[in-house]
Structure formats: structure tokens, C-alpha cells
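Reader: Please take a close look at one part of this structure, the packing of one element against another, and set it in the context of the whole. I would also like to know how far the model can be trusted.

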Amino acid sequence: MAETIERDFKKTQRVMMKNLLGIDAVDNLKLAKKVESGLPFDAFERLGRVSGLSLESLRAAVRIAPRTLTRRRQENRLSPEESDRLVSVSRLVSFAIELFDGDVRAGLGWFTAKNRALGGISPLEAASTEVGSREVEMLIGRLEHGVFV
């Protein structure tokens with residue numbers, strides 16, 4: 001049973017990377033190699049386009065300065081650090097959508113709305129740091145298991 005759950009989770013993760021970022025990654029080690037090289041700028045734009053999140057809100061969550069964003073667009077490559085944060089945000093977007101049984105509108109509505117359990121900021125805002133991302137992930141886990149905060 002645990003093997004089936006792990007296999008399903010890995011499949012979900014691959015589908016999420018392909019759908020949200022346009023990246024084919026069979027496993028986390030291959031994804032890590034792509035992140036280390038820097039993801040193409042199109043992955044950033046694709047996440048905005050597919051999720052409906054504004055590029056400005058994504059820019060803030062991934063912590064890219066406006067002028068740096070312009071430079072990244074011209075270079076067509078994100079830095080490894082920006083790529084890592086983009087993957088983190090996309091994972092949380094995917095988890096939020098899964099929280100609402102695949103309802104993209106509801107999942108993104110929750111992800112962008114201020115949340116009392118996060119001190120009054122949205123999960124998207126919290127996602128701009130590793131610590132905040134972990135807190136969002138734990139909150140989603142609690143909500144999935146009916147532990148209300």
C-alpha cells in the first residue's frame with residue numbers, strides 16, 4: 001500500500017511539473033539537476049499563464065527584483081536560487097489545487113487569500129521563504145486531515 005501511495009505521489013509530482021512549469025522530470029534528482037542549471041524563463045511565465053497568478057505576484061513570491069526579471073527574460077534563464085523557489089511555489093500551487101479536489105479556481109482562491117492561520121498573509125506571500133513554504137505545506141496537510149486551525 002505504501003508503495004502505491006508513493007508511486008501515485010511521484011506520478012502526481014511529474015504531472016504537476018509538466019503542467020505548471022513545462023518541465024519533464026522523472027524524479028527529484030533529475031529535477032534538482034535542472035534547477036541547478038537554472039530553469040528556462042518560460043517556466044516562470046508558464047506558471048503564471050497556467051495558474052492565472054499575475055507575473056507580479058509570482059515575481060514577489062520567487063523574490064526577483066523587477067530589473068532582474070527583465071534581465072532574466074532577455075537571458076531566458078532563471079538563476080538556480082530563483083528556479084528552486086519557483087519549483088517550491090509551483091508545488092504549493094499544486095497542493096492547494098489538490099486540497100480542493102482539483103478545483104483550480106477554489107485552490108488558487110485559497111492560495112491568494114489572506115489566511116488567519118498564516119498570520120493574516122496569503123499562502124502565496126508566505127511561499128516567498130523556505131520557512132513560509134513549509135508552514136503552508138503543513139497547513140495544507142492539517143486541512144486535508146480535518147485539523148482546523
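Author: The answer begins with the model as a whole, turns to the packing, and ends with some other sites.

This is a predicted model, in which local features need pLDDT of at least 70 and side-chain atom pairs count only at pLDDT 80 or more, whereas totals for chains, interfaces and linings use all residues. Residues are numbered from 1 along each chain as its sequence is written, and side-chain values use heavy atoms, with hydrogens and water left out.

The chain has nine helices and zero strands, where helices (H or I, at least four residues) and strands (E, at least two) are DSSP runs numbered from the N terminus. Of its 149 residues, 41% count as buried, a term that means under 20% relative accessible area, with exposed being over 50% and partly exposed in between (1.4 Å probe, protein chains only). Among contacts (heavy atoms within 4.5 Å) between residues at least 6 apart in sequence, 55% join residues at least 24 apart.

As for trust, pLDDT is the predictor's confidence in each residue, from 0 to 100; its mean over the chain is 89, and 89% of the residues reach 70 or more. Confidence is lowest in helix H1 (residues 2-21), with a mean of 61, and highest in helix H5 (residues 66-75), at 98. Over residues 1-9 pLDDT stays under 50, and the model has one contact beyond four places in sequence for that stretch. Where pLDDT is low, the predicted coordinates should not be read in detail.

The part to examine closely is the packing of helix H2 (residues 28-37) on helix H6 (residues 80-99), whose axes lie 6 Å apart at an angle of about 135°; axes are lines fitted to C-alpha atoms, for helices over the stretch in contact, and angles run from 0 to 180 degrees between N-to-C directions. That angle makes H2 oblique to H6, because angles under 35 degrees count as roughly parallel, over 145 as roughly antiparallel, 65 to 115 as roughly perpendicular and the rest as oblique. Leu31, Val35 and Glu36 of H2 meet Pro80, Ser83, Asp84 and Val87 of H6. These residues divide into four nonpolar, one polar and two charged, where Ala, Val, Leu, Ile, Met, Phe, Trp, Tyr, Cys and Pro count as nonpolar, Asp, Glu, Lys and Arg as charged, and the others, Gly among them, as polar.

Both ends of H2 can be described as well. At the N-terminal end Asp27 acts as a cap, with a side-chain oxygen 3.1 Å from the backbone nitrogen of Leu29, a polar contact being a pair of N or O atoms within 3.5 Å, of which, within protein, one must be able to donate a hydrogen and the other to accept it, while residues adjacent in sequence count only if both atoms are side-chain atoms. After H2 comes Gly38, whose phi is positive, near 90°, and Gly52, just after helix H3 (residues 41-51), also takes a positive phi, of about 85°.

H6 residue Arg85 leads to another site, as it is among the residues touched by Ser128, together with Ala60, Ala61 and Arg63, when residues up to four places away in sequence are not counted. Ser128 lies in the loop between H8 and H9 and is buried, with a relative accessible area of 16%. A polar atom of its side chain lies 3.1 Å from the backbone oxygen of Glu125.
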